[in-house]
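Work through the exercises below with the sequence and the model at hand. Try each task before reading its solution.

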Amino acid sequence: MTHAIQPKPGVLEIRPYVGGESRIPGARDVVKLSSNENPFGPSEAAKEAIRKAVHQLHRYPSTDHTALRTAIAEVHGLDPARIICGNGSDEIITLLCQAYGGPGTEVIHTEHGFGMYRISALAAGAAPIEVHEQERKVDVDAILDAVNFRTRLVFIANPGNPTGTMIGQNEVGRLAADLPEHVMLVLDGAYAEFVDGYDGGAKLVDERENVFMTRTFSKIYGLGGLRIGWGYGPAHAIDALNRVRGPFNLSELQMAAAEAALKDEDYVDRCRAENTRMRAWLAKGLNDLGVPSDTSFANFVLARFESVEEADACEAHLRSEGLLVRKTAGYKLANCLRITVGDEASCRRVIHAMTAFKDRDG
Ligand SMILES: *Cc1c(COP(=O)(O)O)cnc(C)c1O
């Protein structure tokens, strides 16, 4: 039924984001490997910071996030004036689309790109444009071919989700250099910390006026439940986003936890090392069972099956064993399953269950 009161064009085209499942009715010992969360949770320092911040909950939070921006700038060697903090990096993506997108404009995302790009573009009234990938890898030439005078933003996640693949800094630099002047390249670095020595594109941001980087505390920092992200960009873009941003978009709990998590660099290093170790183990175990995957640079593996039916059957089998993984049909990867790298015990359970599945398969 249509109503006289109508949302603006685009809104009803949005298919709401579906998060990774977290429960199996009636099952115990469920392991959630469907949302790329850190299996070890946040640093103890972050939890302690929250306990302390609890005493100030009657106070409105800082509107300019100075303490957190200063900490981010120190740890990553960035200019604190060109950092913006958000309620998850999802909010930064939203702010970018609100500030630059609108009716008559286009926002480019790639074939297997993160679902929030399309949702945020539509919510802003812009047209999302999907560009194909080359064997589950971002294709710079295909993006450049899709750019026109209406294009305002190009979103790529590097490493990508749910592919886990990465394109090299030469390719990213070439994309930034070849985009017309009216287009901003957004590098989503949600998984940047899992790549040893990778800056997420920060240097490119410093070198150019048309590159913006987003980062999150939801993945390696284990704070997905608290919703904290940030962006780094040219001064003109930070200024635009700050005009659109709500003044109290982050609570003191969020900022205190993020600052403490950031400063516990030993913990991040340990999580990165453990992820690298178990990711290789998981990928090899899957491959030995005849389930290949692209080399992943993130905290998950995209397992590829011979058919959609096999992927679905495997997901059902894993579920029956209390293992929740992510179906990726919504990302045009219906023959794949995205499996978060859990702790060692979880990875062993996955391979154990997959072995039984393959045996049953014949
Ligand atoms: C998980 C993820 C994010 C993080 O979103 P938050 O809102 O910060 O939790 C952003 N981009 C990609 C590609 C992701 O996978």
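The exercises treat the domains, the contact between them, the two sheets and some backbone details.

The model is predicted, so local features need pLDDT of at least 70 and side-chain atom pairs count only at pLDDT 80 or more, while totals for chains, interfaces and linings use all residues. Residues are numbered from 1 along each chain as its sequence is written, and side-chain values use heavy atoms, with hydrogens and water left out.

**Exercise 1. The domains**

Task: State which residues the assignment gives to domain 1 and domain 2, and how far apart their C-alpha centres lie.

Solution. Step one: take the bounds, which come from an automatic or database domain assignment. Domain 1 consists of 20–41 + 266–361, and domain 2 of 44–263. Step two: take the centres. The C-alpha centres of domain 1 and domain 2 are 26 Å apart. Step three: take the contact, where contact means heavy atoms within 4.5 Å. Domain 1 gives 22 residues to it and domain 2 gives 25 residues.

**Exercise 2. The area between the domains**

Task: Find how much area domain 1 and domain 2 bury between them, and which residues of domain 1 lose the most.

Solution. Step one: the size of an interface is often given as the accessible area lost when the parts come together. Buried area is here the accessible area (1.4 Å probe) that two parts lose on being put together, summed over both. Step two: for domain 1 and domain 2 the value is about 2100 Å², with 59% of it on carbon and sulfur atoms. Step three: on the side of domain 1, Arg-272, Phe-297 and Tyr-331 lose the most area to domain 2, together 31% of what that side buries.

**Exercise 3. Charged and polar pairs**

Task: Count the salt bridges between domain 1 and domain 2, and locate the partners Glu-130 and Lys-332.

Solution. Step one: side chains of opposite charge can pair when their charged atoms come close. A salt bridge is a side-chain nitrogen of Lys or Arg within 4 Å of a carboxyl oxygen of Asp or Glu. Step two: the whole structure has 26 salt bridges. Step three: Glu-130 and Lys-332 form a salt bridge, with their closest N and O atoms 2.8 Å apart. Glu-130 is in strand β4 (residues 127–131) and Lys-332 in the loop between β11 and β12, 202 residues apart. Step four: the count between domain 1 and domain 2 is three salt bridges. Step five: the elements that give two or more residues to the side of domain 1 touching domain 2 are α10 and β9. The largest share of that side, four residues, comes from α10.

**Exercise 4. The sheet of three strands**

Task: Give the strand order of the open sheet that holds β9, β11 and β12, then place the helices α10 and α11.

Solution. Step one: helices (H or I, at least four residues) and strands (E, at least two) are DSSP runs, numbered from the N terminus. Two strands pair if DSSP finds at least two bridges between them. Step two: the order is β9-β12-β11, with antiparallel pairing. The edge strands β9 (300–304) and β11 (326–327) each pair on one side only. Step three: β11 meets β12 (residues 336–340) over two bridges, and Arg-326 stands opposite Arg-338 in β12. Step four: angles run from 0 to 180 degrees between N-to-C directions, with axes fitted to C-alpha atoms, for helices over the stretch in contact. Helix α10 (residues 265–288) touches β9 and β12, and its direction makes about 10 degrees with that of β9. Helix α11 (residues 308–320) lies across β11 and β12, at about 35 degrees to β12.

**Exercise 5. The sheet of seven strands**

Task: Give the order of the seven strands and the edge strands.

Solution. Step one: the sheet is open, in the order β2-β8-β7-β6-β5-β3-β4, with mixed pairing. Step two: β2 (83–86) and β4 are the edge strands. Step three: β6 (residues 184–188) and β7 (residues 211–216) pair in the parallel sense over four bridges, and Val-186 stands opposite Phe-212 in β7.

**Exercise 6. Backbone details**

Task: Which bonds to Pro-159 and Pro-162 are cis or trans?

Solution. Step one: the peptide bond from Asn-158 to Pro-159 is cis, with omega near -5 degrees. Step two: the bond from Asn-161 to Pro-162 is cis, with omega near 15 degrees.
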